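Trainee: Could you take me through one helix in this model, slowly and closely? I'd like to see how it sits among its neighbours.

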Protein chains: 2
Amino acid sequence: MISAQIKSQLMNIVSPENYDDSNAGRLVYSYDATPQYQSMPDAVVAPRCTDEVSRILKLCNTHRIPVVPRGSGTNLCAGTCPTEGGIVLLFKHMNQIVEIDEENLTMTVQPGVITLDLIQAAEEKGLFYPPDPSSMKISTIGGNINENSGGLRGLKYGVTRDYVMALEIVLANGDIIRTGGKLAKDVAGYDLTRLFVGSEGTLGVITQATLKLIPAPETKKTVLALYEDIDSAAKTVSNIIASKIIPTTLEFLDQPTLQVIEDFAKIGLPVHAKAVLLIEQDGTEETVNRDISVIEEICKKGNAVSVQTAKTEAEAEDLRNARRAALSALARLKPTTILEDATVPRSAIAAMVKAINRIAEQYDLTICTFGHAGDGNLHPTCTTDVRNSEEMERVERAFADIFKKAVELGGTITGEHGVGEMKAPYLELKLGEAGVNAMRAVKQAFDPNNIMNPGKVFAKDSRKRVVVSK
Amino acid sequence: MISAQIKSQLMNIVSPENYDDSNAGRLVYSYDATPQYQSMPDAVVAPRCTDEVSRILKLCNTHRIPVVPRGSGTNLCAGTCPTEGGIVLLFKHMNQIVEIDEENLTMTVQPGVITLDLIQAAEEKGLFYPPDPSSMKISTIGGNINENSGGLRGLKYGVTRDYVMALEIVLANGDIIRTGGKLAKDVAGYDLTRLFVGSEGTLGVITQATLKLIPAPETKKTVLALYEDIDSAAKTVSNIIASKIIPTTLEFLDQPTLQVIEDFAKIGLPVHAKAVLLIEQDGTEETVNRDISVIEEICKKGNAVSVQTAKTEAEAEDLRNARRAALSALARLKPTTILEDATVPRSAIAAMVKAINRIAEQYDLTICTFGHAGDGNLHPTCTTDVRNSEEMERVERAFADIFKKAVELGGTITGEHGVGEMKAPYLELKLGEAGVNAMRAVKQAFDPNNIMNPGKVFAKDSRKRVVVSK
């Protein structure tokens with residue numbers, strides 16, 4: 001609870017118009033994109049600069065008030081749901097691209113910049129910021145950094161972590177620290193930059209980031225390969241990599257996903273295929289042409305029933321957009337959509353997809369599977385109805401089995417969505433007790449009063465997803 | 001000090017032949033490649049497996065005995081000098097390549113594997129492990145990981161950190177944890193993998209690592225460009241990057257360095273040039289040819305007095321080896337060689353080189369400068385004599401000025417050599433008090449009894465390099 005005195009101090013820091021504790025204002029920020037989680041914050045606060053963030057945290061740390069930093073709330077792990085109340089910290093005023101440095105190939109941004117805006121700003125200079133989470137039209141870079149977001153181009157280009165060079169961070173005690181720099185090499189002490197990437201707002205508040213840009217690829221091409229069975233598609237994925245080609249994108253969609261996307265996007269997708277690979281390569285024209293013809297050959301040899309290269313960039317863009325629309329399309333089917341991201345080594349994709357199908361059957365559920373096959377990052381997605389508590393019970397048990405299977409295959413419980421509140425109970429499955437203890441020690445070191453996004457990453461108890469907090 | 005009882009327990013864990021507390025045995029491990037640091041350990045212990053490491057750490061933690069993990073001791077920051085005594089942990093028995101996984105493009109290794117051996121093992125499979133520290137013929141991968149080693153290919157391919165996917169770690173309390181996996185994407189909790197990379201043995205002991213491999217580039221070409229002034233060479237570096245080409249290697253050597261290397265290697269280097277750029281590009285044949293011809297053009301337009309592309313791979317290899325021999329060559333000049341690695345944003349290279357020359361003049365010292373110009377990672381190297389305490393005093397003051405200048409230019413006190421004991425007094429210059437405090441809190445979280453490589457990274461007091469410990 002925020003006392004009248006603290007409220008007045010917070011209003012004094014950010015000015016009254018940036019402090020909102022109305023019911024309507026709090027309601028808006030009581031949930032994020034994650035189904036089944038809702039909890040009211042005590043107030044919503046929008047700082048205008050780093051110094052204000054520092055003063056807010058000092059105050060909250062003194063009075064043990066939870067602080068939940070939030071971008072656009074597109075995460076799927078209840079990472080920004082204020083499950084323990086406190087204040088939601090909004091970055092709507094800290095949304096500037098501070099600098100594009102063409103000599104050092106960097107971009108410096110405030111956390112509230114929309115991902116797509118910065119991608120386009122880089123493109124305007126002939127440069128490239130590769131991480132492209134599906135939510136990039138609305139997600140913020142601050143959210144991407146806190147979740148270490150991935151995307152479709154992760155196979156070749158890596159994830160957000162690989163593009164964060166420097167951070168300005170406000171710690172729980174209000175201290176402002178700066179990590180890294182416009183430096184390809186920097187080993188001055190521990191790598192706090194990467195420790196904060198993916199820390200889900202539980203260690204401090206990121207107030208500025210310097211991102212690495214790379215020269216934009218000259219050209220790209222997109223191939224769609226259709227299969228009558230999942231095994232052949234999975235085998236093709238392995239064969240492409242084994243041929244020493246790393247495509248930009250190597251996406252997998254199963255038949256139910258295809259059908260749903262086609263119903264939604266109506267671009268003439270081959271809904272009869274049992275599995276589809278969407279493959280993209282970029283680079284110089286010669287390299288792209290050569291790689292794509294090798295890829296086409298591998299797909300054909302691997303029992304693809306059809307292999308087509310998009311003839312125009314518009315056609316390729318349609319395919320990419322269709323893939324990005326998967327979640328929205330699936331969300332139309334039933335009241336509740338639960339999208340997961342169990343991830344396995346690339347070699348285990350076929351085994352994982354089959355396990356998911358078996359588990360779906362066992363629990364009598366509809367689970368569509370699509371995802372980034374090239375990095376083994378699958379998105380088994382269950383369309384269900386939160387009001388049907390008997391079915392939700394089965395959903396929870398099915399996903400617990402899916403996570404167990406992923407870990408058993410050398411994988412992880414989350415490839416790019418984060419742990420948040422939702423997957424906290426499963427963390428120990430991946431890390432063991434000693435691993436979780438080591439992480440808890442890090443949390444304790446940075447945030448001894450547990451004010452930073454409390455209840456996230458670490459489970460308080462064994463309760464699973466089927467709980468609506470507060 | 002190690003009591004008779006603890007000695008007997010340690011001998012019991014590793015077997016008597018892997019415990020050495022003889023004077024000769026301890027003397028060998030009383031120093032590393034860093035000049036001016038020497039300190040006797042109490043014993044040298046060589047475990048044969050992870051379980052033995054765990055039992056050793058548990059014992060040392062209970063009895064507060066310092067543990068200094070050590071590969072080949074090639075580091076240049078006194079990172080493996082046992083300055084507080086205790087045991088040196090040797091990995092001579094844990095030196096196996098455990099697996100090369102061609103489907104997932106990974107290699108799993110024990111810490112004692114020699115870097116060059118694993119690079120060659122990857123090459124035999126048509127794969128590529130890019131990090132290539134100059135010491136790679138003798139350095140171990142465990143040492144590389146602990147120091148986050150860079151190398152000549154860092155500009156295009158990144159550093160050791162970018163290739164570590166998973167670690168097995170023994171914590172100070174003996175707990176064994178496993179981080180990451182054969183996974184391109186994994187956001188299950190904090191990124192402990194990258195926190196341990198570059199942690200200099202101060203947080204735990206790495207007992208196994210899974211490394212990322214990439215397809216080997218098809219071909220490569222090497223260009224040598226000669227300049228009459230440093231500014232033109234530095235400007236060329238910027239122009240190459242601005243042309244949207246990222247070469248594999250972009251090395252800078254000043255005239256004194258050139259002269260010394262030529263005296264040593266005798267391969268006909270142009271010793272009259274004021275500055276030389278050694279530029280390498282790899283990739284597909286078309287891309288390499290195209291990039292190299294653009295690079296040649298940029299060099300010529302940038303006032304290079306000579307631009308030559310190596311005609312054969314043997315000629316290129318001679319140039320690369322000459323560059324790698326820089327430290328050895330410089331070390332022949334005078335009894336003591338102090339090689340530093342102040343690093344700046346790429347755009348600040350000319351300013352930094354000029355500042356180094358000015359500082360050398362001011363303190364009347366010989367400082368040669370060479371390094372990885374493409375990543376702003378310079379190696380100002382002072383040839384001096386440790387017995388001349390008056391000159392050493394000037395050396396210390398000169399390097400303090402160099403570090404200050406690097407930080408002032410947006411750089412760092414160390415790009416790839418690490419902090420160790422040697423640069424600990426300068427850490428605050430880069431990070432500020434709050435930054436150092438945050439790192440101390442991480443250290444405290446993992447190693448509350450301060451047994452892991454104590455005295456490294458964090459300064460006990462303000463003493464600088466000119467101290468021989470114990």
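Mentor: Happy to! Let's begin with the residues of α13 in chain A that are buried: A:Ile349, A:Ala350, A:Met352, A:Val353, A:Ala355, A:Ile356, A:Ile359 and A:Ala360. Keep in mind that this is a predicted model. To read that list, it helps to know that an α-helix has 3.6 residues a turn, so residues three or four places apart point the same way. Try following A:Ile349, A:Met352, A:Ile356 and A:Ile359, which are among the buried residues. What lies over them? The cover of the buried residues of α13(A) includes two helices of chain A, α8 (230-242) and α14 (389-408). Strands β13 (249-254), β17 (367-372) and β18 (377-384) of chain A are also part of that cover.

Now check the length of the helix. α13 of chain A runs over residues 349-362, which makes 14 residues, and at 1.5 Å a residue it should span 20 Å. Its end C-alpha atoms are 20 Å apart, so the expectation and the model agree. Just after α13(A) comes A:Asp364, with a positive phi of about 55°.

Finally, a word on the two chains. Chain B is superposed on chain A by a rotation of 180° with 0.0 Å of shift along the axis, and the RMSD is 0.0 Å. The two copies are therefore related as by a two-fold rotation axis. Both copies use the same surface, since 100% of the contact residues of chain B recur in chain A.

How values were computed: Residues numbered from 1 in each chain as written. Chains lettered and ligands numbered in written order. Predicted model: local features only at pLDDT ≥ 70, side-chain atom pairs only at ≥ 80, totals over all residues. Heavy atoms only, no water. Helix = DSSP H or I, 4+ residues; strand = E, 2+ residues; numbered from the N terminus. Expected span 1.5 Å × (residues − 1). Buried < 20%, exposed > 50% of the residue type's maximum accessible area, 1.4 Å probe, protein only. Contact = heavy atoms within 4.5 Å. Least-squares fit on C-alpha atoms with pLDDT ≥ 70 in both.
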